[in-house]
Amino acid sequence: MDDIIKIKCPYCGSVLSVKNQIGIESKSVTCPICKQKSPFMDFKKVIDKSNDESTQYPGDDEKTSYKTSSDPKTEIGSGLNFTLGKLKVLPSGPSFQLQPGKNIIGRRATHSSADFQIPTEGSKRLSREHLVIEIKKVQGKGFVHYASLCKQKVNRTLIGNEPLEFGDCIVLNDGDIIKLPDVNVKFEIPDDEATEI
């Protein structure tokens, strides 16, 4: 149909189908995935190669436009993930079980609202609210874990070797190393069927 166009969310990369209307360029669109509202002009137009009018989610196909970590051995859609992930401070620090919704990661401090407060032994390079990992359940796909920065001005943060910039929304894969200021954490998806030794 010519009156349906596909656009890509500038925040999370979701591909949305919207009705093409007169004056749409002056309207705002709220992404149903990340709930961010943006002017229509901020969304990039996507060339439709199929007649499918549904919103695309991570793992829908191999051509998904979601930004992922650069680990070549993992990719979105490589398996269903019905287990919530956790973070482990490396090399042998505490672990934090992630919960559905937003999980704020930051430095341990008296006035911190972070869900997972990491001790930094006096260093203040890690912000009190530094990183957010949001977990959403996608029907038929399981849980998807997204990492983004809490605020624009934070010290350098990487996922693997890729810098994380404010506004990025990175889909995490099992084994990803998140390099925060002064500390590294590993994102893991526990294997509930693993043999205990």
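Student: In which sense do S8 and S10 pair, parallel or antiparallel?

Tutor: This is a predicted model. Take strand S8 as 101-107 and strand S10 as 131-138. One bridge joins glycine 101 to isoleucine 135 of S10. The two strands pair over five bridges, and the sense is antiparallel.

Student: Over how many bridges do S10 and S11 pair?

Tutor: Strand S11 covers 142-149. Lysine 136 has valine 144 in S11 as its bridge partner. S10 and S11 pair in the antiparallel sense, and the number of bridges is eight.

Student: Which glycine takes a positive phi in the hairpin of S10 and S11?

Tutor: The hairpin has three residues between the strands. One phi there is positive, near 80°. The residue is glycine 140.

Student: Why is S10 largely enclosed by the rest of the structure?

Tutor: Buried means under 20% relative accessible area. S10 has eight residues to judge by that cut-off. S10 is largely enclosed because the number of its residues that are buried is six.

Student: How much space lies in the second largest pocket?

Tutor: S8, S10 and S11 each supply at least two residues of its lining. The space in this second largest pocket is about 400 Å³. Of the 18 lining residues, the closest to the centre are Tyr11, Gln36, Val132, Ser148 and Leu149. So much for the lining; the value asked for is about 400 Å³.

Student: How many residues of that lining are nonpolar?

Tutor: The lining of the second largest pocket holds 18 residues. Four are charged and three are polar. The nonpolar residues number eleven.

Notes:
Residues are numbered from 1 along each chain as its sequence is written. This is a predicted model: local features need pLDDT of at least 70, side-chain atom pairs count only at pLDDT 80 or more; totals for chains, interfaces and linings use all residues. Side-chain values use heavy atoms; hydrogens and water are left out. On a 1 Å grid over the protein atoms alone, a cavity is a set of points where a 1.4 Å probe fits but cannot get out, and a pocket is an open set with protein on both sides within 12 Å along at least five of seven lines; lining residues have an atom within 4 Å of a point. Grid points are joined across faces, edges and corners, and a volume is the space filled by probe spheres set on the points. Helices (H or I, at least four residues) and strands (E, at least two) are DSSP runs, numbered from the N terminus. Ala, Val, Leu, Ile, Met, Phe, Trp, Tyr, Cys and Pro count as nonpolar, Asp, Glu, Lys and Arg as charged, and the others, Gly among them, as polar. Buried means under 20% relative accessible area, exposed over 50%, partly exposed in between (1.4 Å probe, protein chains only). Two strands pair if DSSP finds at least two bridges between them.
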